[in-house]
Amino acid sequence: MANVFNDDRVYFPEDPEMRLLGNREKLAQWRHRMCGPAFIRIGRRIAYHGADLNAWLAARRTDPNNEAA
């Protein structure tokens, strides 16, 4: 699977690319519930490492053509 996010970049919730995952409020809810992608706290700012975002997306990938054996 090709990477959606640049592995070496740090993304902030307000970055346009983050809209792929949801709005800022959705990301805040996930952080509060500890169920979204891994994040970094830099003082009061929140950031996401691109490699963590790609890993989180890959873990949620569903292949409808993959039949149970």
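**View 1. Arg 9 and Asp 15 in a salt bridge of the predicted model.** The closest N and O atoms of Arg 9 and Asp 15 are 3.4 Å apart, a salt bridge being a side-chain nitrogen of Lys or Arg within 4 Å of a carboxyl oxygen of Asp or Glu. Arg 9 also meets the side chain of Glu 17 in a salt bridge (3.0 Å, N to O), and Arg 9, Asp 15 and Glu 17 are thereby linked in a network. Asp 15 is buried at a relative accessible area of 14%, whereas Arg 9 is partly exposed at 30% (buried means under 20% relative accessible area, exposed over 50%, partly exposed in between, with a 1.4 Å probe and protein chains only).

**View 2. The open sheet of three strands.** The strands follow the order 1-3-2 with antiparallel pairing, where two strands pair if DSSP finds at least two bridges between them, and strands (E, at least two residues) and helices (H or I, at least four) are DSSP runs numbered from the N terminus. Strand 1 (10–11) and strand 2 (40–42) are the edge strands, each pairing on one side only. Val 10 has His 49 in strand 3 as its bridge partner.

**View 3. Gly 50 in helix 2 (residues 50–59).** Gly 50 counts as buried because its relative accessibility is 0%. Leaving aside neighbours within four places in sequence, its contacts (heavy atoms within 4.5 Å) include Phe 5 and Arg 9.

Residues are numbered from 1 along each chain as its sequence is written. In this predicted model local features need pLDDT of at least 70, side-chain atom pairs count only at pLDDT 80 or more, and totals for chains, interfaces and linings use all residues, while side-chain values use heavy atoms, with hydrogens and water left out.
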